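Me: I have a protein model to work through. Please take my questions one by one and keep the answers short.

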Amino acid sequence: MKETKWILDEAIVGKVVLKEPKLFDVAVQVFSIRVGDGRKSRFIRYYLSDFSRVLTEQLDICIKIAGENVKVLLEVLKDGMSEESGEGLGKNTTYLLEHIDLVRCRKLEPDLYKDVFNNILQMKNSLVSKTTELKKQIS
């Protein structure tokens, strides 16, 4: 995994520092060819393992690599949300929710999709409860 990670790290440098989005696209294509379909999901989990700290460019790369495989993105999203419990939706959770095809997710992975949105509702309810408790303490 680490031996191919550098390709994507360089793509981020190309996109952010050099302002060369074409380099980003080429690097993702080269990576996809080099890794092959069978190992993409495993790599995405590895690459996003520290979900709350990854860059949005890393999320963009993984969205492109995943392609039609929305399952791995939903799994990463669900796991990342469990790390954020009690804090609301983190920036990376929000970013993924805004940038993946949720209609495709619901169609191809309905159970996992439902789990993710149940987690969102639970987080919302938890935050509302905490806010209510704080208001009572202040009064």
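Me: Which residues does Phe117 touch, not counting residues up to four places away in sequence?
Reply: This is a predicted model, and side-chain atom pairs count only at pLDDT 80 or more. Phe117 is found in helix H8. Leaving out residues up to four places away in sequence, Phe117 touches Leu97 and Leu102.

Me: How far is the C-alpha atom of Phe117 from that of Lys78?
Reply: Along the chain, Phe117 and Lys78 are 39 residues apart. In space, their C-alpha atoms are separated by 9.0 Å.

Me: Is Phe117 buried, partly exposed or exposed?
Reply: Buried means under 20% relative accessible area, and exposed means over 50%. Phe117 has a relative accessible area of 27%. That value lies between the two cut-offs, so Phe117 is partly exposed.

Me: How are the rings of Tyr113 and Phe117 arranged: stacked, tilted or edge-to-face?
Reply: Tyr113 and Phe117 are four residues apart in helix H8, so about one helical turn separates them. Their ring centres are 4.7 Å apart, with 40° between the planes. Under 30 degrees counts as stacked and over 60 as edge-to-face. The pair is therefore tilted.

Me: What secondary structure does the protein have?
Reply: From the N terminus on, the elements run α-α-α-α-α-α-α-α. There are zero strands. The count comes to eight helices.

Me: How are H3 and H4 oriented: roughly parallel, antiparallel or perpendicular?
Reply: Two packed helices are described by the angle between their axes and the distance between the axes. Helix H3 covers residues 37-47 and helix H4 covers residues 56-66; their axes lie 10 Å apart, at an angle of about 170°. Angles over 145 degrees count as roughly antiparallel. So H3 and H4 are roughly antiparallel.

Me: Which residues of H3 meet H4?
Reply: On the H4 side, the contact holds Gln58, Ile61, Cys62, Ile65 and Ala66. The residues of this contact divide into six nonpolar, one polar and one charged. From H3 come Lys40, Ile44 and Tyr47.

Me: How many residues of H4 are buried?
Reply: H4 is mostly covered. Its buried residues include Ile61, Cys62, Ile65 and Ala66. Glu57 and Gln58 are also among them. Of the 11 residues in H4, the number buried is nine.

Me: Is Asp60 buried or exposed?
Reply: Asp60 sits in helix H4. Leaving out residues up to four places away in sequence, Asp60 touches Lys15, Phe24 and Tyr95. Its relative accessible area is 16%, and the cut-off for buried is under 20%. Asp60 is therefore buried.

Me: What is the phi of Gly67?
Reply: Gly67 comes just after H4. Its phi is positive, with a value of about 55°.

Me: Which two residues touch the most other members of the largest nonpolar core?
Reply: In soluble globular proteins, nonpolar side chains tend to be buried together. Here the largest nonpolar core has 38 residues. Those that touch the most other members are Ile44 and Leu77.

Me: Which helix gives the most to this core?
Reply: Helices H1, H2, H3, H4, H5, H6 and H8 each supply at least two residues of this core. One of them gives seven residues, the most. That helix is H5.

Me: What does Ile44 touch, not counting residues up to four places away in sequence?
Reply: Ile44 is one of the H3 residues that meet H4. Its touching partners include Cys62, Ile65 and Ala66. The others on the list are Val72, Leu73 and Val76.

Me: How many aromatic pairs are there, and how is the pair of Phe43 and Tyr47 arranged?
Reply: The count comes to four aromatic pairs. The ring centres of Phe43 and Tyr47 lie 5.2 Å apart, with 25° between the planes. Planes under 30 degrees apart count as stacked. So Phe43 and Tyr47 are stacked.

Me: Why are Phe43 and Tyr47 separated by about one helical turn?
Reply: An α-helix has 3.6 residues a turn, so residues three or four places apart point the same way. Phe43 and Tyr47 both belong to helix H3, and the gap between them in sequence is four residues.

Me: Which residues form one aromatic cluster?
Reply: Phe43 is buried, at 0% relative accessibility. Tyr47 is buried too, at 4%. Both belong to the cluster of Phe31, Phe43, Tyr46 and Tyr47.

How values were computed:
Residues numbered from 1 in each chain as written. Predicted model: local features only at pLDDT ≥ 70, side-chain atom pairs only at ≥ 80, totals over all residues. Heavy atoms only, no water. Axes fitted to C-alpha atoms, helices over the stretch in contact; angles between N-to-C directions. Parallel < 35°, antiparallel > 145°, perpendicular 65-115°, else oblique. Contact = heavy atoms within 4.5 Å. Nonpolar A, V, L, I, M, F, W, Y, C, P; charged D, E, K, R; others polar. Core = buried A, V, L, I, M, F, W, Y, C linked by side-chain atoms within 4.5 Å. Buried < 20%, exposed > 50% of the residue type's maximum accessible area, 1.4 Å probe, protein only. Phe/Tyr/Trp six-rings, centres within 6.5 Å; stacked < 30°, edge-to-face > 60°.
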